[in-house]
Amino acid sequence: MANPLYGRNVVSIKDFKKSELEYLFEQVDANFDASNRNDLHHNILGLLFFEPSTRTRLSFESAITSLGGNSISLAETNLSSIEKGENLTDTIKTLEQYVNAIVIRHSMEGSAKFAAEISNVPIINAGSGTEEHPTQAMLDLYTIKKEKDTLDNLEIGILGDLKYSRTVYSLIYALSHYSSKIHLISPPSLSIRNDLLVELKDKISIHEYDNVEEVIDELDILYVTRIQKERFPDMQEYQNVQGSYKVDSKLLEQSKDNLILMHPFPRTGEIASELDSTDKAKYFNQIKYGKLLRAELLRLVLTE
Ligand code: NCD
């Protein structure tokens with residue numbers, strides 16, 4: 001199969017067919033243990049982060065370096081001309097003169113799409129407001145496949161802030177290519193936005209709950225997200241839900257033995273650290289796979 005990802009923008013997970021995602025996963029598997037690679041020698045990745053990041057930024061840096069390339073980054077935008085009022089267009093048109101692809105994270109919905117429209121180099125969305133985080137969904141799917149051997153016929157619980165978590169939107173759209181069942185669990189005020197339910201109602205089975213106890217015994221996977229405090233327009237709304245759910249060993253007494261726990265991180269108390277050393281905790285594997293997947297994605301976008 002010719003590489004279907006060459007030259008592509010990665011703006012929305014909705015732009016990727018199931019066959020393209022599976023091609024990517026096969027490439028990650030094929031190069032899982034590869035070392036001393038030089039596939040992206042002389043390539044430079046531009047990192048443009050208008051919001052905080054640990055894993056996404058560092059994994060992209062590590063990924064391009066592992067393939068013999070380099071990165072330059074504008075992470076502290078208060079130290080750049082953006083602070084002087086430079087607009088996003090001029091920032092992108094400048095960065096594209098220096099790099100082969102741009103990874104962008106921005107607080108506004110539509111930011112990555114806008115960047116892709118004006119950029120001459122591929123744009124990779126590393127988080128656009130509450131809207132999407134497509135590379136996180138790719139690595140989340142890869143993690144499920146790696147840990148469970150399949151993406152079909154699973155009972156997948158997604159717990160937490162489903163209203164503002166962009167990882168959740170990209171994840172559910174990606175999972176809609178498969179036959180697993182989705183169980184959405186959140187405080188009522190943080191339930192999933194209706195547009196997703198309307199768009200996916202005929203594609204994937206989705207059930208909603210207020211409490212994880214109602215469904216924990218059915219799940220093969222529990223994907224947990226933090227409450228996105230910074231996205232609440234009203235702090236009272238945040239205080240009403242703060243600390244309202246927690247996954248700990250007591251809760252998991254009711255779960256299947258082979259349940260796996262995932263989290264995009266950062267976590268802020270919603271998964272007890274007592275679980276880190278258990279077989280159920282897969283979030284550190286997820287972080288490792290994230291780097292491997294992003295390396296393969298960069299290679300496929302940048303080389304024919
Ligand atoms: C997520 C994000 O930025 O949306 N972080 C990440 O990239 N792993 C999740 C979050 O901030 O809660």
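Is Ser12 buried or exposed? I would like to begin with that residue, and I should say at once that what we are looking at is a predicted model. Ser12 lies in the segment before helix α1, which spans residues 18-30. Its relative accessibility is 13%, and because buried here means under 20%, Ser12 counts as buried. If we leave aside the neighbours within four places in sequence, Ser12 is in contact with Glu132 and Pro134. With Glu132 there is also a polar contact, made side chain to side chain, at 2.4 Å.

Let me turn to a second serine, Ser255, which you will find in the loop between α9 (249-252) and β9 (260-262). Ser255 has a relative accessible area of 11%, so Ser255 is buried as well. When residues up to four places away in sequence are not counted, Ser255 touches Ile216, Asp217 and Lys280. A polar atom of the Ser255 side chain lies 2.9 Å from the backbone oxygen of Leu252. As for Lys288, that residue is 33 residues from Ser255 in sequence, and the two C-alpha atoms are 25 Å apart in space.

Next come the aromatic rings. How many aromatic pairs does the model have? The count comes to 8 aromatic pairs. One of them joins Phe232 and Tyr238, whose ring centres are 5.6 Å apart and whose planes stand at 75 degrees, an arrangement that is edge-to-face. Phe232 has a relative accessibility of 6%, so Phe232 counts as buried, and Tyr238, at 12%, counts as buried too. Another pair is formed by Tyr283 and Phe284, again edge-to-face, with 5.2 Å from centre to centre and 65 degrees between the planes. Here I would ask you to look at each partner separately, since Tyr283 counts as buried at 0% relative accessibility, whereas Phe284 counts as partly exposed at 44%.

Some rings also gather in a group: Phe25, Phe32, Tyr142 and Tyr289 form one aromatic cluster. If you stay with Phe32 for a moment, you will see that the charged end of Lys146 sits over its ring, 4.1 Å from the ring centre. An arrangement of this kind is found at Tyr169 too, where the charged end of Arg193 sits over the ring, 3.7 Å from its centre.

Finally, let us look at the ligand. Which residues are around the ligand? They are Thr56, Arg105, His133, Gln136, Arg166, Thr167, Arg226, Gln228, Pro264, Phe265 and Pro266. For three of these residues I can describe a polar approach to a nitrogen atom of the ligand, and I will take them one after another. In the case of Gln136, the side chain provides an N or O atom that is 3.2 Å from a ligand nitrogen. With Pro264, by contrast, the atom concerned is a polar backbone atom, and the distance to a nitrogen of the ligand is 2.8 Å. Phe265 likewise offers a polar backbone atom, this one 3.0 Å from a ligand nitrogen. On its own the ligand has 320 Å² of accessible area, and the protein covers 93% of that area.

To return to where we started, Ser12 counts as buried, and so does Ser255, and I would invite you to find both of them in the structure above.

Definitions and conventions. Residues are numbered from 1 along each chain as its sequence is written. This is a predicted model: local features need pLDDT of at least 70, side-chain atom pairs count only at pLDDT 80 or more; totals for chains, interfaces and linings use all residues. Side-chain values use heavy atoms; hydrogens and water are left out. Rings of Phe, Tyr and Trp (its six-membered ring) pair if their centres lie within 6.5 Å; planes under 30 degrees apart count as stacked, over 60 as edge-to-face and the rest as tilted. Buried means under 20% relative accessible area, exposed over 50%, partly exposed in between (1.4 Å probe, protein chains only). A charge sits over a ring if NZ of Lys or CZ of Arg is within 6 Å of the ring centre and within 35 degrees of the ring normal. Helices (H or I, at least four residues) and strands (E, at least two) are DSSP runs, numbered from the N terminus. Contact means heavy atoms within 4.5 Å. A polar contact is a pair of N or O atoms within 3.5 Å; within protein, one must be able to donate a hydrogen and the other to accept it, and residues adjacent in sequence count only if both atoms are side-chain atoms. A residue is near a molecule or strand if one of its heavy atoms lies within 4 Å of it. Accessible areas come from the Shrake-Rupley method with a 1.4 Å probe; for residues, only the protein chains shown count as cover.
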